[in-house]
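Subject: Structure for you to look at

Dear colleague,

I am passing on the structure we spoke about, and I would be glad if you opened it beside this message. My notes on the ligand and its surroundings follow directly below.

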Amino acid sequence: MRRFTYVALPSRVVFGAGMIAQLPAELEALGAKRALVLSTPGRGSSVRRIAGSLGERLAGIYDGAVMHVPVEVAEEARRTAREVGADCCVAVGGGSTIGLGKAIALTSGLPVVAVPTTYSGSEMTTILGMTEAGIKKTQRDPGVLPKAVIYDPELTIGLPAAISAASGMNAIAHCVEALYAHDGNPINTILAEEGMRALASALPQIVADPGNLEARSEALYGAWLAGVSFATVGMALHHKLCHVLGGTWNLPHAETHSVVLPHAARYNRDAAPDAMARIARALNAPDAPAGLWDLEQRLGLKMALRDLGMPESGLERAAKIATSSPYPNPRAVEYAAVLELLRGAFSGQRPRA
Ligand code: NAD
């Protein structure tokens, strides 16, 4: 019999090609008069175009966002926000930039308008990860949730195929864990399956032709659903492993998700049959873990942790950290079995069907 608790986060989403033109109206609706625009370095021309559309509402641009929000970067961006008298932030970019917007919101209360240009899904969550002295800490705070999100697929056309594929698999990982979350519910389940279906169909088209606007739109739609589906449920073994590998060995975020996912799904396969049936259906594959691996190979992604810079000598330590304070997971989290999972991910072998 069904038994669940359902929680929805307040969010406002504006979606569609060309919808970035709505940014001034979104700021108006928030009553914001001085926006600090955030980005990663190197996204200059695209971000300047967007910033330029704000006219007198533009307070400044801070383009120093980096992965995992180091506290020093957060402090510098907060100082910039104070110096320019910002009353809101516009985060244009992927999870790194949106994370920086959340870090500013955490201490200042400034509202964030997110303009996602990858498929990380961060814009839909209250989760903020920051790093201090190389250690990543994650917290949830309702105050960091962006007040409005503009998804414009035209802004993702320039996202290179390899980053698109890895980021898309990061989104699919959110869907996978939402489907077997210990505190899942029927709405999030529907969103996760539909998000995965959209991403799995769009990503191969994007890799074949990064300029395919229709596929870009479908992937961004899938990323939105992926973000919503996992925002209010607990993460499990897959996300735990990725946090350990990313935090301790500094492996690249989205690529690590991609490599680990088929192996984490294989670990949980027999303990989460309903989730696996939905994953297989969304991928149009006979077996969920092997289907995820096959999709990644088709996308030309790196398939092995050893190709991401993980030292083989670190696998035992990673298994120890991941099993010492595990997240709730469908199958019991045990050292020997997790080590075997990591060995499979290290060598990149196809999970047994
Ligand atoms: P990212 O934001 O670091 O972006 C990856 C690269 O792509 C960067 O070099 C960026 O400049 C570039 N880029 C972004 N958009 C582009 C575009 N349209 N065209 C060309 N280049 C573009 O990577 P990400 O994977 O989106 O985010 C990773 C970070 O997000 C990690 O720190 C991760 O922990 C965090 N994250 C947080 C959540 C959450 O809920 N809090 C969820 C997922 C990821």
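A nitrogen atom of the ligand lies 3.0 Å from a backbone N or O atom of L155, in what is, please keep in mind, a predicted model. A backbone N or O atom of G158 also lies 3.5 Å from a nitrogen atom of the ligand, while in T118 the side chain has an N or O atom that is 2.7 Å from an oxygen atom of the ligand. The ligand taken alone exposes 870 Å², and the protein buries 84% of that area.

As to where you should look, the ligand sits in the largest pocket, and 22 residues surround the ligand, with T40, S96, T117, T125 and K136 being the closest. If you sort the residues of this shell by character, you will find that 13 are polar, six are nonpolar and three are charged.

You may also wish to trace which parts of the chain build the shell around the ligand. Both α4 (95-108) and α5 (161-179) supply at least two residues each, and the largest share, three residues, comes from α4. On the level of domains, domain 1 (13-156) and domain 2 (161-347) each contribute at least three residues to the shell, so that you will need to keep both domains in view when you examine the ligand.

With best wishes

Key: Residues numbered from 1 in each chain as written. Predicted model: local features only at pLDDT ≥ 70, side-chain atom pairs only at ≥ 80, totals over all residues. Heavy atoms only, no water. Near = heavy atom within 4 Å. Polar contact = N/O pair within 3.5 Å; in protein donor to acceptor, adjacent residues only side chain to side chain. Areas by Shrake-Rupley, 256 points an atom, 1.4 Å probe, with all protein chains shown as cover. 1 Å grid on protein atoms, 1.4 Å probe; cavity = no way out; pocket = protein on both sides within 12 Å on 5 of 7 lines; lining within 4 Å. Sits in = over half its atoms within 2 Å of the grid points. Helix = DSSP H or I, 4+ residues; strand = E, 2+ residues; numbered from the N terminus. Nonpolar A, V, L, I, M, F, W, Y, C, P; charged D, E, K, R; others polar. Domains from an automatic or database assignment.
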